[in-house]
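Q: I would like to go through this model with you. Could you begin with the contact between the chains?

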Amino acid sequence: MSNILEFKDFGFKYDAQSSPTLFDINFSIKKGEKVLIAGPSGCGKSTLVHCMNGLVPFSYRGKMTGSLSLFDKETRDLSLFEISKHVGTVLQDSDAQFVGLTVAEDIAFALENDCIKEPRLHERVSEVAKLVNIQDFLDHAPSQLSGGQKQRVSLGGVLVDDVDLLIFDEPLANLDPKTGKQAIELIDELSKKTGVGVIIVEHRLEDVLHRHVDRVVIMDKGRIVTDTTPDELVSSDVLNEKGVREPLYIAAMKYAGIKVTPDLLPGSIDTVKIGDEESRLLKNWYEHAPKETIKNNSDYLLDIRNLSFSYDGKRKALDNISIKVKAGEMLAIVGTNGAGKSTFSKVLCGFEKKDEGDIFYEGKDFSLLSIKERADEIGYVMQNPNQMISKVMIFDEVALGLRTRGVGEEEIKERVEETLKICGLWPFRNWPVAALSYGQKKRVTIASIMVLKPKVIILDEPTAGQDYRHYTEIMEFLSSLNKLGITVIMITHDMHLMLEYANRSVAFSKGRIIKDDECAKVLTDKETIDEASLKETSLYELCKKAGIEDATDFVRRFIAYEREVVRK
Amino acid sequence: MTNLFNYIDRKSKVHDLTGATKFVCLLLWSFAAMYTYDTRFLLALTALSLILFPLSKIRVKDVSFMLGFTAVFMILNNVLVYLFSPQHGTEIYGTCTYLFGLTGKYAPTKEQLFYHLNYFLKYLASIPVVILFVSTTNPSEFAASLNKLGVKYSIAYSVALALRYIPDVQKEYDEISKAQQARGIEMSKKATLINRIKSAASILIPLILTSMDRVEIVSNAMELRGFGKNKKRTWYMGRPFKASDVCAMVFCVLLVVIAALLNIINKSRFYNPFV
C-alpha cells in the first residue's frame, strides 16, 4: 500500500529561531498503520505534527529542507486547506478545539466551511455523531459535557472530512485514567473500522500501548532516535536514555533481573509472556525487596467532618466528606472530573462557602477565617502557572503575597530570597518570569505560595502535560518540601504520580469519598478503580501472570524499591 | 446553551422568525420609538410590545433580571435629565405651567412632567423588544442569518464564537480572582480605589495571557478545519427566510413610516397638547 505521508531527509527551521528544530527526518505512514510518537518536551514532536497537518509552513513560517509529501505531492505546493482534507488533527485541548455552540454545530464546522448544503449537512453530522457515539448529546453545549465526551466531539469534527490520516496530540492529557483507556480503545476501533492511518503523540507510553500499535517513534533533540515495534522498543534501553517513562511492568521485570527480549512480546501487558523462569525471578525479587518504612506521625493537622457543599442548592457537589490529614503527609486526591476534588480544595481554601460540616485546623474552627487568612495556613497552587503570574519580575511575583500583607521591605527581601533558594530559583532571581520554561514558572507559583509559610499546600494537577524529566523535577521538588515538613495535597489523574509519591490516596466519586487508604491498596481494589474512574496498575496484571497472590504487597514493595534504590 | 444571550428555547411564532429578521425589526422598531415623541404613538407601541410577550411565550419571570436592570437604568436616566435640564419641557412645548404653587428653576412644571412621561414611554416601547430579541434568538442561527443578509461570515461567526468562549473566560476569571485573593489581593470595598485598580491588574494580566494562549489554539483549530477556505459557507443552524419574516419586516417599516408621518403632522418630533 502506498504512503499517506512521507518525510525524506526532512528538516525545518522556524523563521523566529536561529537553529533548526527538526533534522534528518525520515519517516512515513501508510493507510491503516498506527504509530506512536514520544519523546521529551522540546524534542520536536509538536513541530513534526505541525508539519504533518500543514500549520507548518502555512501558519508558522519557516524554512523546510528535504522533502515532505502527501500522496506523492510536496506539501509546500499544497495549501493548508488541501492538506486538512486528508490529515485531521485532534488537539490536546479539546475545550479550545470546540468552536461550535453545540455538539452538532461543532461536528458540522468543517462541512459548513466546505459549503455542504442541506439535507446532506444534517445527515452527515448524525452519521459521524453515531460513529463517535455522541448522538444523544447533539444539542448540548460544551459546558454540559465531560472531558471524554468533548474529545469524542473533536474527533467527530475531524472525521466528517473522510480524512486519510488522524493525528492525536496528547489525547490523554486532560482525561481521567479510565476515560483515557476508553479513548485509546475508541481510537483503535476507529482505525480498524475506517482504515485511516493514526498517529498518536503522547508521552504516556504505557497507556497508549494498552491497544496494539504498529510502531513507536522516539524523538530527541529534533531527530528520530528510533522507529521500531513496541516489543523491540521496551526491550532496549532507549526509553530510559531519552527520558520517556518505561511501562511499570517492564521496570518491575528488569528489577527482577529478567532479560526483556522481543520474543517475550513485552510491548503490552496483555501480550507479555511470563514463563516459569520469569515467575521465579519475579517471586524471588518480591520476597527480597525492601519493605516500605512507614512514617508514623501523630498529630492531625486538618480534621474535616461531614462537609457538604452545593453550587446550585440542588445537587451536592460534596456530600458528607470526612478526612483527617496528618502533618507531613503527602496525600493524593483522585477521581473523575466533576467528582468533587477541586470543589473540595476550593471549600477548604474558602473560595466557596460550605453548607454543612466542620473544618478544624490544628483543632481550631477554620471556617471562621477569610480566604486571605486561610492562605497563611493552606496555600493553593493552580494547575496552569499562567493563571497565577501577574508580575514581570520573579522577585516581585514571589513577594506579592507578602507585600499585600504589609510586611516590611527588608523582611520581604529576606524571606523571598530564602524561598527562592529552597525552590531552586536563586540563579534566576533577577530574571523576568517570561524567560522561564513552563516547569520553572510552576516553581515560581509554588514559591509565591511557599513564601507565606503555609503548613499545607494544595496543588491542582501539579504535573499535567509535563514530560517525564519535568515530572520528576517537579515531584522531587515537592517531595523535598514535604521532607521539610510541609504537608502536600495533590489533586491528580496521574496514577504513576500517586503510586510513586503519595503516602495515601483519597478517591472521590460523585461528591463522596469512596476510599481513603494507602495507594497500593487503592490501585489494586477493583471496585474503587471502577467507581473512581481510575486504572489498574499493570503491576497487578503482572502479579496475576506470575502467580503472585498478594498484588497489593507487591506494588507496595515496588514503590519502596523505586523510592529507596532506583531514585538514589 | 450559553446563557449570556439568555436565549430561551421555546416554540412560538417569534422564535420561528430568523434572527436577522428579528434584528432588522428591532432596529426599525427602536428607530420608530426614538424618532417621535408623539404620546399616542408611543402608547400604542408600548401596548404592542407587551402583546409580543405572550406571543413569544416568554414570561415576565424569565426575564425579570433584565427588566429590573433596565428599570434601574431608566429611573436613573430620568432623574439625571431632570437634574440637568428641569426646564427642558418648557422649552419644547413653549408654555410654562407651574404645579403645586412652586416656582424657581427646579420647580415641577406640567410641561416637564409630560416630557418625562414621553421619555418614559420611549423606554417602555423599545426595551421589551430588545429583551424579546435576546431571549428568542438562537445565537448560532443569528450568526447564520446575519451572514445571509450579506454580513461577512467571519464577522458573523465571531458573534457566535464570543458567546461560545465567554462562559469559559468568566469561569477562568473567577478562579484567578479567588487564587489571587488567597495571596492577599483585596477585592472587597475595604480597599481604596487605587488599590482596587491595582488588584484588578493582578487578575486581568493572567487572564489576558491565558486568553491569548487560547486564541492561538482556537484559530489553529478553526483553520485546520477549513475556516476561511471559501468565500461562502453554509450554516447548520441556518433557516430559510419565510413569508412571516417578510411580513414582520414590512410591519416594522410601516411603524417607521407612521412615526415619520406623525412628525410631519405635528410639525415637530413632539406632540403638543398645551397649545
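**Chains, domains and two residues**

A: In this predicted model, 44 residues of chain B are in contact with 47 residues of chain A. Two residues are in contact if their C-beta atoms, placed from the backbone, lie within 7 Å.

Q: Which helices of chain B each supply at least two residues of the side that touches chain A?

A: They are helix H7 (139-148), helix H8 (153-182) and helix H9 (193-224) of chain B. H9(B) gives the most to that side, with 15 residues. Helices (H or I, at least four residues) and strands (E, at least two) are DSSP runs, numbered from the N terminus.

Q: How do the residues of that side of chain B divide into nonpolar, polar and charged?

A: The side of chain B that touches chain A has 23 nonpolar, 10 polar and 11 charged residues. Ala, Val, Leu, Ile, Met, Phe, Trp, Tyr, Cys and Pro count as nonpolar, Asp, Glu, Lys and Arg as charged, and the others, Gly among them, as polar.

Q: What about numbering and confidence?

A: Residues are numbered from 1 along each chain as its sequence is written, while chains are lettered from A and ligands numbered from 1 in the order in which they are written. As the model is predicted, local features need pLDDT of at least 70 and side-chain atom pairs count only at pLDDT 80 or more, whereas totals for chains, interfaces and linings use all residues.

Q: Turning to domains, how is chain A divided?

A: Chain A has domain 1 (3-240), domain 2 (247-288 + 538-568) and domain 3 (301-537); such bounds come from an automatic or database domain assignment. The C-alpha centres of domain 1 and domain 3 of chain A lie 33 Å apart. Their contact takes 11 residues from domain 1 of chain A and 14 residues from domain 3 of chain A.

Q: Which helix provides the largest share on the domain 1 side?

A: Helix H8 (residues 177-194) of chain A does, with 4 residues.

Q: And where is Gly11(A) found?

A: Gly11(A) is in strand S1 (residues 3-14) of chain A. The C-alpha atoms of Gly11(A) and Thr65(A) are separated by 4.9 Å, although the two are 54 residues apart along the chain.

Q: Why does Gly11(A) count as partly exposed?

A: Because Gly11(A) has 18 C-beta neighbours inside 10 Å. A residue is buried if 20 or more other C-beta atoms lie within 10 Å of its own, exposed if 12 or fewer, and partly exposed in between, with C-beta atoms placed from the backbone.
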